[in-house]
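Hi,

Here's the structure I promised to pass on. Have a look at it first, and my notes follow underneath.

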Amino acid sequence: HEFGHSLGLDHDGGFGNLMRAGGTGTTLRFDQIIIMQAAARARALPVVDISVQKVVNNPTPNENHSIVYSVRVNNSGPATATGVKVSDALPAGVTFVSAGASQGTYNSQTGVWDLGSLASTASATLATTARVTQRTPCARITNTAQVIASDLQDPDSRPANNDPNEDDQGSADITIAFADLLYGVESNTDGLSIIDPCSGQV
């Protein structure tokens, strides 16, 4: 539309900038025009839907055992995601051994996986091998990965806000196991049962 500019009274009796939409007979405040233009630009921006899943191959390792954390990042589109970075720093209790990514680079010092671009419906994976250094039996260690940067808007999540309810963040837990000889033994009418000292269950 073409707009004409004039000065007139607004609804509360004060003077305000008015814009008349050519051919429509409709007069709008200047601030209304700005809001409408911003909304139109927001609707025109491409969007992505990035999600993160994280698993571990052994949730109950012993001290000094190696474990492998796996992170999968998916882009459900509809646009190609660019500038994607994921934080996947190892927590206390495990130490870095090695890592391999299907794309991009992983910095073991910062814990940042720089994926770059991820096409619509595409996914990328990161596998990190770590050694368990936690010596306290039954100690629980949580490792979290989350998107910390993305050039495009994701309607259902925001990068780097540490919100476990959003799908751009995933976690995997391990619980340090007792050595086999430390497991309890219970005698019953059916014979001997092994008791898990962490859960107290047979």
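Accessible areas here come from the Shrake-Rupley method with a 1.4 Å probe. On that basis the surface of the protein comes to about 11800 Å², with 52% of it belonging to carbon and sulfur atoms. Keep in mind that this is a predicted model.

Now the overall make-up. The protein has one helix and 14 strands, and buried residues make up 28% of its 202 residues. Of the contacts with a separation of 6 or more, 62% are between residues 24 or more positions apart.

The part I spent my time on is an open sheet of four strands, ordered S4-S5-S10-S7, with antiparallel pairing. S4 (50-56) and S7 sit at the edges with a single partner strand each, so one side of each has no neighbour in the sheet. From one strand to the next, the twist averages 20°.

Going across it, seven bridges join S4 to S5, and valine 52 has valine 73 in S5 as its bridge partner. S5 (residues 66-75) then pairs with S10 over nine bridges, where arginine 72 stands opposite threonine 125. On to S7 (residues 94-101): seven bridges tie S7 to S10, again antiparallel, and valine 94 is partnered by valine 132 in S10.

Which side chains of S10 (residues 123-132) are buried? Ala124, Leu126, Thr128, Ala130 and Val132 are, and they point to one face. Ser123, Thr125, Ala127, Thr129 and Arg131 point to the other face and are not buried. That fits the general rule: in a regular strand the side chains alternate between the two faces of the sheet.

Cheers

Note on methods. Residues numbered from 1 in each chain as written. Predicted model: local features only at pLDDT ≥ 70, side-chain atom pairs only at ≥ 80, totals over all residues. Heavy atoms only, no water. Helix = DSSP H or I, 4+ residues; strand = E, 2+ residues; numbered from the N terminus. Buried < 20%, exposed > 50% of the residue type's maximum accessible area, 1.4 Å probe, protein only. Contact = heavy atoms within 4.5 Å. Pairing = 2+ DSSP bridges. Axes fitted to C-alpha atoms, helices over the stretch in contact; angles between N-to-C directions.
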